[in-house]
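Here are a few worked exercises to try with the model open beside you. Have a go at each task before you read its solution.

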Amino acid sequence: MAVDEGERSFRHPLFEFMARMPGLDVATTTVDKLLTWGTTNSLWMFPMATSCCGIEFMAAAASRVDLDRMGTILRGTPRHCDVMVVAGTITVKMAPRVKKLWEQMPEPKWCVAMGSCAISGDFYRDIYAVVPGIDTFLPVDVYVPGCPPNPEELMHGLLRLQEKVRLVRAGKWSDQESRPAPHEHLRAPSIPRLTDPDRDKDLSAQQVASADGLGFADEMNLVKIRTATRSTPPKTEEDP
Amino acid sequence: MKFSTATATVADPYLDISTYEADADLMVLNLGPQHPSTHGVFRIKLYLDGEVIVKAVPYPGFLHRGVEKLCEKLTYTMMTPIIDKNDYLSPMMNEQAINMAFEDLHGSAVPRRAKYLRTIFAELQRVASHLVWLGTFGVDLGGALGGGTTLFMHCFREREMILDLFEEVTGCRFHYNTHMVGGNRHDIPAKWAKGVHRVIGVIAERIDEYEILLTSNKMFVDRTKGVGVIDAELALSLGITGPILRAAGVDHDLRRDAPYHAYDEVDVRVAVETAGDCQARAIVRILEMRESLRIVGELIDNVPEGPINGYRPTKTPLQVKITKGQGYACLEGPRGELGTYVIAGGDNRGASPYRLKIRSPSLHAMSCLPYVLPGLTVSDTIATFGSLDPVMGEVDR
Amino acid sequence: MIGVVHDERVVSLLRDRFEVAGFPDDAPPLVGAAHHLALARALRDELQFRLFGFVVASHWPGKPAKKEGESGVAEAFELAYGLRSIGKGSGLAVWRLCLAAGEHAPSLVELFAGADWQEREQFDLVGVRFKGHPDLRRLMMPEDWEGFPLRRDYPINTPCPPWR
């Protein structure tokens, strides 16, 4: 489900004012740099912490990793915050509340999806009660994968967000952050499974032999598979 | 069994609000579901007369992830890493609770070394969990525990030390997936015991500092003493277990009363307080941390040699098949009796359970709110809530 | 770990006063719904099982007859209740109730306050109704949710617009 991102190119009122004043446009670039510096180094965060990722989020804010040195402060109210960090599973009961809290945050605002539950629902994604990824209803700026991500990874995600804010303000940002796609080799096994008729016969025989040597052949049910692979008819060639 | 406790006035949770004084100007206050001090997502609807609560209606379920339904689709081996996410402050206990139930039904024996390791992991995890509770309780109470987030920072510093120990064993910082039917998956590395001794030495010293904060800080005492009293009768009737029950004066601890793992080989001294208020719960948890550290120190040097798993190691996971039977196994988690009721068999040929129910202590603890909150103020609500130490992943599952 | 079959006092109580005949090895004994409340009261007051344990409801869907003339299996619900005794040698008493579809189970709220939320949860997820419960609302799911998720015939990926 796509998200209507709405008006995302936020123009600061100060710039509007300065553009109208003759002679001040020279100062605009300098002030813009100053504002960008200020924005990136004071990303106040709203912890939308629901489950386990929330604990790692707390650990990130605590003494070892210490997000404070990046200028990020946790605030309990959406009206003070720039970044909403959605840390944890969002259920269908909670999702309207998350949306409402997001709408209460003042512009400019950014959203970080922390953890695989917030990104895609993870192993809960097929369950009746769970939203399969918060990007079905929120515009996500940065994805931080992991279950849960280490505090260091969250910090890296925030550094990426800072970089993104710099690029957007400089007008150099072109790509939307997209949900990280799994690698090809993660989608399907690179070696066909034992039951696959396309599998290399020598490989199966080699594996059975090595398991035989260890004495695990019975336990691994390889005897059955061995007979099954032998009786499988060879695949007919499509090209003559 | 007689209890010597302060009796509390228990409010009527089913109070019809329309029968309350007609000229009272009642206000409805929603606490949550996103509130920094609800420890997750939990909503309480408070009916206020002035600042005093007349009725409290809790609404859980904002983190209901359908774990029990998911478990009906998974095999017994695949469940452990998912159950980890239930009570996310003590994943070790979750794994142990569910695997103990499977072992009972499957008839697997656990080697003695694995039992020792499980006990050590469980006790270290209990300390880590209580440290998170203490840190967040400090944040909940604002300046009462050394100002703002001070205690939070201190407690997380100690918790990281325990997580580092677990990371050395399992490779994971948070969700371990280290228990399986028949034993453990990872053995402890060489010289791990040395690290454990160092950590428990440091933490034991710092717990003394925290105890001074709890007992001698006037602000803390004022906010917690006599607040949110849960008496023994109410706690038993609601099924509340763990530190909350022991703070109400009931001497009940499954580690001593129905021993599992290696607890029958150590002497577990149960911490009991009689006041039943927030301060008593805090003190019981502090004493439990100290006791856990003592148990770890006693066991870590005497871990017996031998296998860590009842089955021979194979590359493929063990295929657990349970074709019939029902069983319940429980252990004493950081929040109380954490149990698993499994109905095996049914129509899926024994590969996965027919129905699995997790008896979560947090859900029982939260159900006391309509009885305890009326008569308190809103600020007392936060203190009471924090002292119950709920984990929403476990309340809602 | 099923406590009831190990505890002699509970077994004799069940056999003598509540007409329980079968004590299977691998499951708690079945008790008639008429004896449910009296059994819980006797366990609590006489045998000191005072700590409320758990309520587990499970759904056993009906099966149609395979051939004509044979009778199929009717839809049924099973409830397992657990109580615990406190102190040294703490034990568990578990018993089961079997209910036909549409039958109401007697609620334990008047004896144990903890049964309130537990029975609400089982009503919410499995759809068992409890007679005598003062406040039988949904606990976990939103109040306007349709269906009972933990029933066996409820698909795990039930569509939930607009999220799925």
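**Exercise 1. Find the order of helices and strands along chain C, then describe the chain as a whole**.

Step 1. In this predicted model, the sequence of chain C runs through the pattern α-α-β-β-β-β-α-β.
Step 2. Counting the elements gives three helices and five strands in chain C.
Step 3. For the extent, take the principal axes: the C-alpha atoms of chain C fill a box of roughly 50 × 45 × 30 Å.
Step 4. Chain C has 164 residues, and 41% of them are buried.
Step 5. Now look at the contacts in chain C with a separation of 6 or more: 53% of them join residues 24 or more positions apart.

**Exercise 2. Work out which elements of chain C supply the side that touches chain B**.

Step 1. Start with the totals: 35 residues of chain C and 37 residues of chain B are in contact.
Step 2. On the chain C side, at least two residues each come from strand 1 (51–60), strand 2 (76–84), strand 3 (92–100) and helix 3 (115–125).
Step 3. Strand 1 of chain C gives the largest share of that side, with six residues.
Step 4. Sorted by class, the side of chain C that touches chain B holds 22 nonpolar, eight polar and five charged residues.
Step 5. Chain A meets chain C as well, with ten residues of chain A in contact with nine residues of chain C. The chain A side of that contact consists of seven nonpolar, one polar and two charged residues.

**Exercise 3. Decide how the radius of gyration of chain B compares with the globule rule**.

Step 1. Chain B contains 15 helices and eight strands.
Step 2. Its radius of gyration is 21 Å, close to the 21 Å that the globule rule gives for 397 residues, so chain B is as compact as a globular protein of that length.
Step 3. Along the principal axes, the C-alpha trace of chain B spans about 75 × 50 × 40 Å.
Step 4. Burial comes next: 60% of the 397 residues of chain B count as buried.
Step 5. Of the contacts in chain B with a separation of 6 or more, 71% link residues 24 or more positions apart.

**Exercise 4. Characterise the packing of helix 4 and helix 6 of chain B against helix 11 of chain B**.

Step 1. Two packed helices are described by the angle between their axes and the distance between the axes.
Step 2. For helix 4 (residues 112–140) and helix 11 (residues 278–300) of chain B, the axes come within 9 Å and cross at roughly 150°. Helix 4 of chain B is therefore roughly antiparallel to helix 11 of chain B, and their crossing is left-handed.
Step 3. Helix 4 of chain B brings residues including Tyr116(B), Trp133(B) and Phe137(B) to this contact, and helix 11 of chain B brings, among them, Met289(B) and Leu293(B). The contact of these two helices has 13 nonpolar, three polar and four charged residues.
Step 4. For helix 6 (residues 192–216) of chain B and helix 11 of chain B, the axes come within 10 Å and cross at roughly 160°. That makes helix 6 of chain B roughly antiparallel to helix 11 of chain B, with a left-handed crossing.
Step 5. Among the residues that meet here are Ile200(B) and Tyr210(B) in helix 6 of chain B, and Met289(B) and Leu293(B) in helix 11 of chain B. By class, this contact has 15 nonpolar, two polar and two charged residues.

**Exercise 5. Classify Ala344(B) as buried or exposed, and place it in the chain**.

Step 1. Ala344(B) sits in the loop between strand 7 (336–343) and strand 8 (355–359) of chain B.
Step 2. A residue is buried if 20 or more other C-beta atoms lie within 10 Å of its own. Ala344(B) has 25 other C-beta atoms within 10 Å, so Ala344(B) is buried.
Step 3. Leaving out residues up to four places away in sequence, Ala344(B) touches residues including Leu105(B), Ile322(B) and Tyr354(B).

**Exercise 6. Locate the backbone features in these loops of chain A and chain C**.

Step 1. The peptide bond from Cys147(A) to Pro148(A) is cis, with omega near -15°. Pro148(A) lies in the loop between strand 4 (142–144) and helix 6 (151–169) of chain A.
Step 2. Asp122(A), a residue other than glycine, has a positive phi near 50°. Its place is the loop between helix 5 (116–120) and strand 4 of chain A, and Asp122(A) counts as partly exposed, with 19 C-beta neighbours inside 10 Å.
Step 3. Gln48(C) has a positive phi near 65°. Gln48(C) belongs to the loop between helix 2 (36–45) and strand 1 of chain C, and counts as partly exposed with 15 C-beta neighbours inside 10 Å.

Note on methods. Residues numbered from 1 in each chain as written. Chains lettered and ligands numbered in written order. Predicted model: local features only at pLDDT ≥ 70, side-chain atom pairs only at ≥ 80, totals over all residues. Contact = placed C-beta atoms within 7 Å. Helix = DSSP H or I, 4+ residues; strand = E, 2+ residues; numbered from the N terminus. Nonpolar A, V, L, I, M, F, W, Y, C, P; charged D, E, K, R; others polar. Rg over C-alpha atoms; globule rule 2.2 N^0.38 Å. Buried ≥ 20, exposed ≤ 12 C-beta atoms within 10 Å, placed from the backbone. Axes fitted to C-alpha atoms, helices over the stretch in contact; angles between N-to-C directions. Parallel < 35°, antiparallel > 145°, perpendicular 65-115°, else oblique. Left-handed = near helix turned anticlockwise from the far one by under 90°.
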